[in-house]
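Visitor: I'm new to reading protein structures. Could you walk me through this one?

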Amino acid sequence: MSNDNYKRKRCEHFVGAVSEYTAASAFLKNGFQVYWPSMHQDSVDFVAYKDGSFKRVQVKTATWTKSGKYKYLPCRTRLTKKYQDINPSELYDLLVVVAPDDRLWVIPAESIVSSNLCLDGTGPSDNRRKEWLKFQQVP
């Protein structure tokens, strides 16, 4: 691996770690206990527990993308190729997406029907983007 590739991957891991801690902090603020796996190469970033219920949580970072004159906030919901053919609800219970401005979307895995979500944008509005608003949490 070249030095540039190493630096890029390392930066991506830092961004991912920040998103995971941002999400875990939101769960803690809402009265959950948070448990971290001993190995971090799994389909679950942490487990949240409250009122006798455990939730397996996968965290993703959304980043703004520009297309022509429009900006979009997409998020890839699938994990690595190893998991690409598996229904998300078999891997985790909640997908938490963290935006650059620390907005959070807490989405039940069974609501995910696509490998990509567009959570926000300045382009023509569509119903799918409006659908995700109900899962947005106030930071």
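**A lysine, some rings and two cores**

Guide: Let's start with one small detail of this predicted model: lysine 71 lies over the face of tryptophan 64, 4.6 Å from the ring centre.

Visitor: Okay, now the overall picture. In what order do the elements of the protein run from the N terminus on?

Guide: There are 3 helices and 9 strands to place. Going from the N terminus, they run α-β-β-β-β-β-α-β-β-β-α-β.

Visitor: Which residues have the most contacts inside the largest nonpolar core?

Guide: That core has 16 residues. Strands β5 (70–76), β6 (94–98), β7 (104–108) and β8 (116–121) are the elements that give two or more residues to it. The residues with the most contacts inside it are Leu95, Val97, Trp105, Ile107, Leu119 and Trp132.

Visitor: And is there another core? Which residues does the second, separate core include?

Guide: Nonpolar side chains tend to be buried together in soluble globular proteins. Here the second core, separate from the other, has 14 residues. Among them are Ala23, Val34, Val57 and Val59.

Visitor: Let's talk rings. Is the pair of phenylalanine 27 and phenylalanine 46 stacked or edge-to-face?

Guide: You describe a pair of aromatic rings by the distance of the centres and the angle of the planes. For phenylalanine 27 and phenylalanine 46, the centres are 5.6 Å apart and the planes are at 80°. Planes over 60 degrees apart count as edge-to-face, so this pair is edge-to-face.

Visitor: Is phenylalanine 46 buried or exposed?

Guide: Phenylalanine 46 sits in strand β2, while its partner phenylalanine 27 is in helix α1, 19 residues apart. Buried means under 20% relative accessible area. Phenylalanine 46 has 0% relative accessibility, so it counts as buried.

Visitor: What about tyrosine 21 and tryptophan 36: what kind of aromatic pair do they form?

Guide: Tyrosine 21 belongs to helix α1 (residues 3–29), and tryptophan 36 to the loop between β1 (33–35) and β2 (46–50). Their centres are 5.0 Å apart, with 35° between the planes. The pair is tilted.

Visitor: Is tyrosine 21 buried or exposed?

Guide: The cut-off for exposed is over 50% relative accessible area. Tyrosine 21 comes in at 54% relative accessibility, so it counts as exposed.

Visitor: Last one! Which residues form one aromatic cluster?

Guide: The structure holds 6 aromatic pairs, including the tilted pair of tyrosine 21 and tryptophan 36. The residues of the cluster are Tyr21, Phe27, Phe32, Trp36 and Phe46.

Notes: Residues numbered from 1 in each chain as written. Predicted model: local features only at pLDDT ≥ 70, side-chain atom pairs only at ≥ 80, totals over all residues. Heavy atoms only, no water. Helix = DSSP H or I, 4+ residues; strand = E, 2+ residues; numbered from the N terminus. Core = buried A, V, L, I, M, F, W, Y, C linked by side-chain atoms within 4.5 Å. Buried < 20%, exposed > 50% of the residue type's maximum accessible area, 1.4 Å probe, protein only. Phe/Tyr/Trp six-rings, centres within 6.5 Å; stacked < 30°, edge-to-face > 60°. Lys NZ or Arg CZ within 6 Å of the ring centre and 35° of its normal.
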